[in-house]
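Got your viewer open and your selection tool ready? Let's take a walk through this one, stop by stop.

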Amino acid sequence: MRVGVIIPTRGDRPKLLKNCLRQLDNQTLKPERISVINFTPKDDKCDITMRYRIGYDHLAGKGLDVIALIEDDDWYAPNYLETMAN
């Protein structure tokens with residue numbers, strides 16, 4: 001199964017992003033592609049939808065079976081992607 005991952009980060013949380021990428025590296029089902037959408041918000045308005053859209057546009061048409069949405073400030077078990085894909 002070919003899996004892509006979108007990580008919408010804020011540009012101001014490098015430790016969280018590093019930890020998130022470490023968690024992805026430890027997954028039992030490795031992602032084939034990772035799209036990190038990394039920018040600092042320009043205002044206090046919610047911008048998560050736009051970051052997901054940009055990530056989807058980066059991964060669409062790449063022959064992936066699944067595109068997972070992963071938050072850099074959450075914790076994921078090592079079998080998360082495998083479980084979700086199944």
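Start by selecting strand E1, helix H1 (residues 14-25) and strand E2: together they make a right-handed β-α-β unit. Right-handed here describes the crossover: with the strands pointing away from you, the path from the first strand over the helix to the second runs clockwise. The helices (H or I, at least four residues) and strands (E, at least two) are DSSP runs, numbered from the N terminus.

Before you click on, some small print: this is a predicted model, where local features need pLDDT of at least 70, side-chain atom pairs count only at pLDDT 80 or more, and totals for chains, interfaces and linings use all residues. Residues are numbered from 1 along each chain as its sequence is written, and side-chain values use heavy atoms, with hydrogens and water left out.

**Stop 1: strand E1 and its neighbours**

Keep E1 (residues 3-9) selected and add E2 (residues 33-38): the two pair in the parallel sense over six bridges. Two strands count as paired if DSSP finds at least two bridges between them. Look for Gly4, whose bridge partner in E2 is Arg33, then slide along to Thr9, which stands opposite Asn38.

Now add E3 (66-69). E3 runs parallel to E1, and four bridges join them; Ile6 stands opposite Leu69 here.

How many residues of E1 are buried? Seven of the seven, so the strand is largely enclosed by the rest of the structure. (Buried means under 20% relative accessible area, exposed over 50%, and partly exposed in between, using a 1.4 Å probe and protein chains only.) Both faces are covered: Val3, Val5, Ile7 and Thr9 are on one side, with Gly4, Ile6 and Pro8 on the other.

**Stop 2: the core**

Next, select Val3, Val5, Ile7, Leu17, Cys20, Leu24, Leu29, Ala68, Ile70, Tyr76, Leu81 and Ala85, the 12 residues of the largest nonpolar core. E1, H1 and H3 each give two or more residues to this core. A nonpolar core is a set of buried Ala, Val, Leu, Ile, Met, Phe, Trp, Tyr and Cys residues joined through side-chain atoms within 4.5 Å.

Zoom in on Leu81. Leaving aside residues up to four places away in sequence, Leu81 touches Val3, Val5, Leu24, Gln27, Leu29, Pro31, Ala68 and Ile70. A touch, or contact, means heavy atoms within 4.5 Å.

**Stop 3: the charged side chains**

Side chains of opposite charge can pair when their charged atoms come close. The structure holds five salt bridges, each a side-chain nitrogen of Lys or Arg within 4 Å of a carboxyl oxygen of Asp or Glu.

Pick Asp72 and Arg13, whose closest N and O atoms are 2.8 Å apart in a salt bridge. They link distant parts of the chain, 59 residues apart: Asp72 is in the loop between E3 and H3, and Arg13 in the loop between E1 and H1. Asp72 is buried, at 1% relative accessible area, while Arg13 is partly exposed at 21%.

For another, try Asp57 and Arg53, at 3.5 Å from N to O. Both lie in helix H2 (residues 48-59), four residues apart, about one turn of the helix.

**Last stop: Glu71**

Which side chain of opposite charge is nearest to Glu71? Arg13, 5.1 Å away, and Glu71 is buried yet has no salt bridge. (Lys and Arg count as positive and Asp and Glu as negative; His and the chain ends are not counted.) Skipping residues up to four places away in sequence, show what Glu71 touches: Pro8, Cys20, Ile48, Tyr52 and Tyr76.
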